[in-house]
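Biologist: Please take a close look at a single part of this structure and describe its setting for a reader who has not seen the model before.

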Amino acid sequence: MTTQTLPGRTRKPRTRLGDRLLHIYVWLVLAWLLAPIAVMIAFGFNDTQSKSNVNWQGFTFKWWGHLGDYPDLTGAVINSITIALAATAITTALGTLIGLALGRYRFKGAGPMNLVMFAAISSPELVMGASLLSLFVSAGVQTGYVTVVIAHVLFSLSFVAVTVRARVVGLDPSLEEAARDLGASTWTTFWRVTFPMIAPGVISGALLAFALSIDDFVITQFTSGATTTFPLWIYGAVRQGVPPQVNILGTLIFAVGVVIAITNSVLARRRVT
Amino acid sequence: MRRLTPYLLILPGGLWLLVFLIVPLVYMASVSTMEGDVVNGFAQTFNFAGYLDAFGAYQTQFLRSAVYGLAGTAIAIALAYPMAYWIAFKGGSRKSTYLLLVLLPFFVSFVLRTVSWKFLLADDGILFEPLKSIGVLPEDFRVLQTTVAVVGGLVYNYLPFMVLPIYVALERVDYRVVEAAYDLYASRVGAFTRIVLPLSLPGLFAGVLMTFVPMTADYVNAAILGGPDNTMIGNIIQQQYLVNNDYPVGAALSFTLMAVMLIGIFAYAKALGTQNVLEAAAR
C-alpha cells in the first residue's frame, strides 16, 4: 500500500545526492577563496630569519612588538587611512545627494546621470587612472595626496549613489508630506524625517566607499606621485620580500573590516524587524 | 524651483564625474595622437600612425589579454554559477553567512591577496616544498611565472563579482515556478535549462561584464604572479605611463583598450539596460 507514495520518493534521493555534491563544491571554492587569507594571517606569526617570509620557521609573537620597524610602512598605512576618511566624507555627501535625486524625482537628467554612473562603475580602473594622469600632467597639477583623494571619490561615488537610491526608493513620501503639513520647513523635514530614514543606506554607502578606497591600488598608483599608501608599499616590497609586519597590518585591517561588516548587517536586520 | 531641485542635487557629484571622468577620457583621446617627449613637451600633430605603431608593437600583449580575460571569465562562470545556485536555492537561513564568506577576500587588500598567492605557490613554499621533498612533484615543478598562476590569480581576485550578480538574479526566481515545471513533468535538466537558466541570464551577463573588463585590463596579477611570457597589455600601459613617460603611446594603447570595451559596454547597456549592474553594485 505504501507504493502510492513511492513515485515522489524515487526522485528525492537523487536530488539529495546532487545537492550534497553541490554543497561540497561550494565549500571547495570557499576554501580556495579563503586559503590566501589564512596564509596571510599565519605568516604574521612566522619566526622567519631572512627577509623573504615564505617558509614556515616556527610560531612567534615577536613581530607584534616590531610593528613600527619600517617607518615608511607606518606612514603608508596612515596615508591609506586618512585618504580613505577624506574620500569617504566627500563621496558620502555627494553620493547621497545623487541617490536622493534619482530615488525621489523623475527628471530628464536621470537617464544621462545613470549612464555616466554606469560608465564609472564598469570602466577599467587602468583607463581611468591613465586618463586622469594625462590630464593632471598637462594641467600642471602635481600628483600626490590630493589627486589620490580626487580619484578615490571618482570611482566610489556611483556605488554610494546607487546604495542610497535603493533606500530612497523604498520610502513612503507621505511621511515627508505629513511633516510639511505640520509646518516643518524643507530643511527641518530633511534632517528630522528624511535623513533618519535613509541613514542605513548612507551608512552602508560610506562603509563601501571606505573599503573601496583603502583597498585601491591601480588608480592610486597612477595618481599618487611620491605619496605611498599601504597597497603601494606592499607592491614595491614584493621583489625584496614582504616583511611579517605587512601580514600583521593586513590581519588587523581584515579583522576591523569583518567586525564592522557583521555589526552593520546585524544592525540592519534589527532595524527591519 | 521644485523642478530644479533634482538638478541641484546631482550638480556637485555630476560635475565631479564630468571633470574627472569624462573630460580626462576625451583628453586622453587627444593625447594619443600627439608627438613629443616629457622634457620638451607634447604637441598635437594628429599622428594617427601612432595607433598603428602601438598596436603593431604590442599585438601579442593585446591578444594575450583577450585570451586571459576570456579564459578567466569562463572559469569564473564555472566556479560561480553552481555556488550562486546553491546559496540562492539551498542556502536557507544561512544565505547571508555564505555571502559574507564569498565577500571575505575583499577585506584583504587586493595586492596583499595576490602576494599571499605568491607565498602559497612559491617554488620552495609551504605547498610545493613538502611535495617535492617526498618526491610527489619533480624538483623543477613550478606554477609561479606561468599562465596558470596569472589566470588563476585573475579568477581568484574577481570571482565575487561573478557570484554576486548571478546570486541576485537567482534569488529573485520564484521557486514555485520551478516546482510547477516539475509538476508538468519537466526533467531536472529541462527545468534548469528552460526555467532557471533563462531567468538568471541578466545576472550572468552582468557578472561577465563585471569580470571580463577588469580581468582584461589587469596588470597586478601578471606583475606579481607571472613571468616575462605573461605580460599583459595593462603592464605595457602602466610601463609607458609610469616608467617611460611616453604618454602618447600609453594613451593610444589605453584608448584602443577602452574603445573595444566601450563598444562592448554600451552594446550591453543598450541591449540589457544598466539596471543589473547598478543593482549588483548596490549590494
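Modeller: Helices are DSSP runs of H or I with at least four residues, strands are runs of E with at least two, and both are numbered from the N terminus. The model is predicted, and local features need pLDDT of at least 70, side-chain atom pairs count only at pLDDT 80 or more, and totals for chains, interfaces and linings use all residues. Residues are numbered from 1 along each chain as its sequence is written, while chains are lettered from A and ligands numbered from 1 in the order in which they are written.

The part chosen is helix α7 of chain B, residues 147-171. Its 25 residues reach 35 Å from first C-alpha to last, close to the expected 36 Å (1.5 Å times one less than the number of residues). The helix has a kink of about 50° at B:Tyr158, shortly before the proline B:Pro160; this bend is the angle between axes fitted to the seven residues ending there and the seven starting there.

α7(B) is mostly covered, with 21 of its 25 residues buried, that is, having 20 or more other C-beta atoms, placed from the backbone, within 10 Å of their own. In the largest nonpolar core (buried Ala, Val, Leu, Ile, Met, Phe, Trp, Tyr and Cys residues joined through C-beta atoms within 7 Å) there are 158 residues, of which A:Leu154, B:Ala80, B:Ala84, B:Leu159, B:Val163 and B:Ile166 touch the most other members. α7(B) is the greatest contributor to this core, giving 17 residues. Leaving aside residues up to four places away in sequence, B:Ala84 touches B:Val163, B:Ile166, B:Tyr167 and B:Leu170, where touching requires C-beta atoms within 7 Å.

Helix α8 of chain B, residues 175-183, is hardly covered, and zero of its nine residues are buried. Just after α8(B), B:Tyr185 takes a positive phi of about 70°.

Chain A gives the wider setting. Its secondary structure comes to 10 helices and zero strands. Chain A has a radius of gyration of 25 Å, well over the 19 Å of the globule rule for 273 residues, so it is more spread out than a compact globule; the radius is taken over C-alpha atoms, and the rule is 2.2 Å times the number of residues to the power 0.38. The C-alpha trace of chain A spans about 85 × 70 × 35 Å along its principal axes, and 42% of its 273 residues count as buried. An unreviewed UniProt entry places "domain: ABC transmembrane type-1" at residues 77-264 of chain A. Over those residues the chain is 82% helix and 0% strand, with end C-alpha atoms 24 Å apart.

Technical notes
Buried ≥ 20, exposed ≤ 12 C-beta atoms within 10 Å, placed from the backbone. UniProt positions renumbered as here; feature names shortened; annotations may be inferred. Contact = placed C-beta atoms within 7 Å.
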